[in-house]
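Reader: Hi! I'm new to this one, so could you walk me through it?

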Amino acid sequence: MKVLILGVNGFIGNALTHRILTTTDWEVHGLDMACDKLERSLGDPRFHFLEGDITINKEWIEYNIKKCDVVLPLVAIATPVTYVKDPLRVFELDFEENLKIIRLCHKYKKRVIFPSTSEVYGMSPDREFDEDNSPLMLGPIAKERWIYSCAKQMLDRVIYAYGMHEGLKFTLFRPFNWIGPKLDSIHTAKEGSSRVLTQFLYDILAEEPIQLVDGGNQRRSFTFVEDGIDALMRIIENRDGCADGKIFNIGNPANDLSVKELAHKLRDMVAEFPLYREKAEKCRIVETSSDQFYGKGYQDMLTRVPSIKRAKECLGWEPVTSADEALRKTLEFYLVDEREKLSEFL
């Protein structure tokens, strides 16, 4: 099988590529603007990489869509602070550029596996989010943070319509707060455009207070990236068409933690690493408002728990990694494996 991954150097893309190359005989054709997370895959004769941009390298992309069996367009801006500060860039990349990819998949009759997001459920009141029945509820236009969710939801609908009316083969998957090694660089967190786990880790290392937005009472189902990759591999393999035309929540409902609980747990676990114990013990956890941290355009949802009934039934998949184990593996990567990149903090 030939797999095309756009955004191959990203958090999901690099982990998926490594898994494919080490467990199958498939080929991966990948494009991204950098390759700093691909050291395990570069040099493999079945990995074909181009350093490029989906807004520029259009001929390469069209050629490889024609050549490959399945396409995963993973390029997206997925950091909440950017939704508020630069919403048009989110729309242009996450919606407009990905729509072009979907249309090429339709043109060449290629199967597409598209990363939707748990954010499409917005402020849905359901205790567990169900792919077919939960309402997708977004806030007012002035709350610009919803542009990411809206862009992803619209693409979900376009892909579904292509599938129902034009015969496009597709699967949509919705990651629920995947965490793990290579999530974000610590230096990205320094600029304030990181996801919550790497932002908190940076705060501890830089001896800055961890800021809990609106008290940190928001709850998320943190999912270890390798569990998510297990599900993705089953979707790509698509045994007996088990994933055709379906939407899958890919998350871990057992790892439902508040952001406040995450902050305390992370600080305690960093203190278990002798080199960083003093920094962790000195780290303060403070509260701030969303207006102050993100700006007026921010709004949040309090709970986000997936129903994974369909993934269990259709894919035979369920997550196996606890929150503590996922956090420990993530910290071992950043604090031990990548220690040389933290010299500025030591």
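Author: Happy to. Let's begin with helix 7 (residues 196–205): nine of its ten residues are buried, so this helix is largely enclosed by the rest of the structure. Buried means under 20% relative accessible area, exposed over 50%, and partly exposed in between, with a 1.4 Å probe and protein chains only. Helices (H or I, at least four residues) and strands (E, at least two) are DSSP runs, numbered from the N terminus. This is a predicted model, where local features need pLDDT of at least 70, side-chain atom pairs count only at pLDDT 80 or more, and totals for chains, interfaces and linings use all residues. Residues are numbered from 1 along each chain as its sequence is written, and side-chain values use heavy atoms, with hydrogens and water left out.

Reader: Thanks! Which residues of helix 7 are buried?

Author: They are Leu-197, Thr-198, Gln-199, Phe-200, Leu-201, Tyr-202, Asp-203, Ile-204 and Leu-205. Just after the helix, Glu-207 takes a positive phi of about 60 degrees.

Reader: What does Asp-203 touch?

Author: Leaving aside residues up to four places away in sequence, Asp-203 touches Glu-208, Pro-209, Ile-210 and Gln-211. Contact here means heavy atoms within 4.5 Å. Asp-203 has 7% relative accessibility, so it counts as buried. Its C-alpha atom is separated by 9.9 Å from that of Arg-267, and the two are 64 residues apart along the chain.

Reader: Switching topic: is strand 5 mostly covered or uncovered?

Author: Mostly covered: five of the five residues of strand 5 (residues 111–115) are buried. Arg-111, Ile-113 and Pro-115 point one way, while Val-112 and Phe-114 point the other way.

Reader: And which strands run parallel to it?

Author: Strand 4 (residues 70–73) pairs with strand 5 in the parallel sense over two bridges, and Val-70 has Arg-111 as its bridge partner. Two strands pair if DSSP finds at least two bridges between them. Strand 6 (residues 170–175) also runs parallel to strand 5, joined by four bridges, with Leu-172 as the bridge partner of Phe-114. From strand 5 the chain crosses through helix 5 to strand 6, a right-handed β-α-β crossover. Right-handed means that, with the strands pointing away from the viewer, the path from the first strand over the helix to the second runs clockwise.

Reader: Neat. How big is the second largest pocket?

Author: Its volume is about 250 Å³. On a 1 Å grid over the protein atoms alone, a pocket is an open set of points where a 1.4 Å probe fits, with protein on both sides within 12 Å along at least five of seven lines, and lining residues have an atom within 4 Å of a point. The volume is the space filled by probe spheres set on the points, which are joined across faces, edges and corners.

Reader: What lines that pocket?

Author: There are 15 lining residues, and Ile-141, Glu-144, Trp-146, Ile-147 and Cys-150 lie nearest the centre. Helix 5 (146–166) and helix 4 (87–107) each supply at least two residues, and helix 5 gives the most, with five. The lining divides into twelve nonpolar, one polar and two charged residues. Ala, Val, Leu, Ile, Met, Phe, Trp, Tyr, Cys and Pro count as nonpolar, Asp, Glu, Lys and Arg as charged, and the others, Gly among them, as polar.

Reader: Last one: where is Ser-258?

Author: Ser-258 sits in strand 12 (residues 256–258). It is buried, with a relative accessible area of 7%.
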